[in-house]
Amino acid sequence: MNEYDSNRIYDLASIIGFNKTDIKKEADCFVLNTCHIREKATEKVYHEIGRLKKFFRYLKKPLVVVTGCVAQAESEEMIKREPYIDMVVGPQSYHKIVDMILSYQRKKVKINETDFDVINKFDKLESISNSQNKISSYLTIQEGCDKFCNFCVVPYTRGPEYSRPYRQIINEAKQLVHNGVREIILLGQNVNAYNFVENKKRFTLSSLIRELNNIENLKRIRYMTSHPNDMSNDLINCYKDCKKLMPFLHLPIQSGSDRILKLMNRKHDKKYYLSVIEKLKSINKDIKFSSDFIIGYPEETEKDFQETIKLIEKVGFFNSYSFIFSSRPGTPAAKKQLNNLEESKKRLKEVQDIIANFQMKNNKKHFQQYCEVLIENKIEGPDQYFGRTQFMTPVKFQSNNCKPGELVNVKITSFNQGGLFGVHHSNKVRAA
Ligand code: SF4
C-alpha cells in the first residue's frame, strides 16, 4: 500500500512542480513514506534522517517530510525528537500535502497532520489522474481494519475500515490500463471486507473483480490482503467465472494452533480456515495459496508450534511469509511476556525450511514445461526479460520477439527456490 501511496504523493507534489530525481544532492524535498509493520520501524526512520542530515551537512537543507504509519503513530513526537523533520503526515492526510508544502515554504512553521480524513483523501485523489504505468500496478480500494488482532497496529495507524466509492475505483482502473498497466493488484488492509453501498445497491470485492474482468487490455487481476472470515461465496465463485483473476490467493492464518489463534483474537479457527481452502479448491482445482505465520507468539508452546507445522504441510502452501513475533507499541500483545528468542529462532528456521522445500518442489514441477508469463520489463543482457507466472513466481527468460505487457508461454529450462528461468519462442506468443 505504501507503494501506491508514494506514487499518489508524487502525483500530488508534481502539481506544484516537483519532479522525481535520482541525484540525491539535487533534491530539495525528501518524503520518507514509512511502514509500521516491520520491527523497529520508528528507529529505522530516525536512522534514515540521521543519514540524510549527514549527507546534507554542507549543502542546502531539503524539506524533510515523514509520511505513512510511523508518522501516524509517532505524530508530534517526531518533530520534537528530530528537529531536522519539517512535516509529519499520516497516511489518511497526505492529500493535503500540496497545501502543507506551500504553507511551510511561506511560514517556515513545522506541520503535524495526522487526522483520519480518508473520505476527503480519496475525493481529492479522484481529481488527480494516477500516473502509474508499470505493467503490474497496485490500486487501493479499501483502507483500515475493524478486526483488531491483538498483535497488529493497523487499526490504530490506518483507522477504521473504509471502502472507496465503487465508480471511483473502476475509473482509476481504466485510467491505469490506459497508461499501459496490464495487471492490477487491488489493495486493502482487509481487502475482501470491501463494502460500498450506493442507491441501496451493495458493491463487494466480487463486484469489482467481475467488472474489472471485462476491461479490455487488462490481463490479470489479483487482490491482497484477505481475512479468512471475509471469503464470501460470491468472491469464491469469481475463481470459477473470472478468467483474469489469478488462481493464487494470499490468505493469512498466522498460526495453526486454535489456542494461539484465540490469543491473537483472529476470530476464526483452523477448521474454518481449512473449510475456506477446501471450498476454493472445489471451485478451481488449480488454485494455490500463500500465508503469513507469526512464530513464537506469546505463550506459544512446542505443541502449538507443531500444529502450525501440520497445517503448513496439510495445505502445502506455495510460499509464505514467516516472522518471529515482535511487539508493536500500543497493541494488546505488547503487554505480554516474550517467548525465549533462541527457541523462536529455531522454530522459525524449521518453518522456513519446510516452506522453502515446497517452493523448490513447486518450481521443479515447471521444469521443461510451458508456463504463462506476463512480461513486466526488459532486463540486463541480450534479449532478456522478466515476468511472473500466474502464481507470482518470478521468471527470467530469453526472447527475440516480445515486449513488456504481453502474455507469453515460456519454456522453463532451469529453476531454483526463488524462481524460474527459460526461453520464449515467438510462435508460442498468445494473442494480446
Ligand atoms: S485483520 Fe489484518 S489488518 Fe486487521 S488487525 Fe488483523 S492482522 Fe491487522
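In which sense do strand 16 and strand 17 pair, and over how many bridges? Let's start there. Keep in mind that this is a predicted model. Strand 16, residues 384-388, runs antiparallel to strand 17, and the pairing covers five bridges. If you want one bridge to find on screen, look for Gln384, whose partner in strand 17 is Gln398.

The two strands make a hairpin, with five residues between them. Have a look at Met392 in that turn: its phi is positive, about 70°.

Now strand 17 itself, residues 394-398. Side chains in a regular strand alternate between the two faces of the sheet. You can see that here: Val395 and Phe397 sit on the covered face, while Pro394, Lys396 and Gln398 are on the uncovered one. So Gln398, the residue bridged to Gln384, belongs to the uncovered face.

Okay, on to another sheet. This one is open and has three strands, in the order 12-13-14, with parallel pairing. Strand 12 (248-250) and strand 14 (319-324) are at the edges with a single partner strand each, so each of them has one side without a neighbour in the sheet. From one strand to the next, the twist averages 10°. Strand 13, residues 288-295, pairs with strand 14 in the parallel sense over six bridges. A handy spot to look at is Asp292, which stands opposite Tyr321 in strand 14.

Next, the aromatics. How many aromatic pairs does the structure hold? There are 14. One of them is Phe248 with Phe391, an edge-to-face pair at 6.5 Å centre to centre with 80° between the planes. Phe248 is in strand 12 and Phe391 is in the loop between strand 16 and strand 17, so this pair ties together parts that are 143 residues apart in sequence. Both of these phenylalanines, Phe248 and Phe391, are buried.

Then there's Phe293 with Phe317. The ring centres are 5.6 Å apart and the planes are at 75°, so that pair is edge-to-face. It links distant parts of the chain too: Phe293 is in strand 13, and Phe317 is in the loop between helix 13 (302-315) and strand 14, 24 residues apart. Buried or exposed, then, for Phe293? Buried, with a relative accessible area of 0%. Phe317 is buried as well, also with 0%.

Elsewhere, Phe30, Phe55 and Phe56 make up one aromatic cluster. And two tyrosine rings have a lysine over them. The charged end of Lys20 sits over the ring of Tyr10, 4.4 Å from the ring centre. Lys61 does likewise with Tyr84: its charged end is over the ring, 4.4 Å from the centre.

Last topic, cysteines. How many disulfides does the count come to? Zero. Why is Cys29 not bonded to Cys69? Cys69 holds the closest cysteine sulfur to that of Cys29, but the distance is 19 Å, which is too far for a bond. Cys69 is in no disulfide either, and its nearest cysteine sulfur, that of Cys35, is 6.4 Å away. The cut-off behind the count is 2.5 Å between sulfurs. As for its surroundings, Cys69 counts as buried, at 8% relative accessibility.

That's my tour. If you pull up one thing afterwards, try Phe391, in the loop of the strand 16 and strand 17 hairpin, with Phe248 of strand 12 as its ring partner.

Notes. Residues are numbered from 1 along each chain as its sequence is written. Side-chain values use heavy atoms; hydrogens and water are left out. Buried means under 20% relative accessible area, exposed over 50%, partly exposed in between (1.4 Å probe, protein chains only). Helices (H or I, at least four residues) and strands (E, at least two) are DSSP runs, numbered from the N terminus. Two strands pair if DSSP finds at least two bridges between them. Axes are lines fitted to C-alpha atoms, for helices over the stretch in contact, and angles run from 0 to 180 degrees between N-to-C directions. Rings of Phe, Tyr and Trp (its six-membered ring) pair if their centres lie within 6.5 Å; planes under 30 degrees apart count as stacked, over 60 as edge-to-face and the rest as tilted. A charge sits over a ring if NZ of Lys or CZ of Arg is within 6 Å of the ring centre and within 35 degrees of the ring normal.
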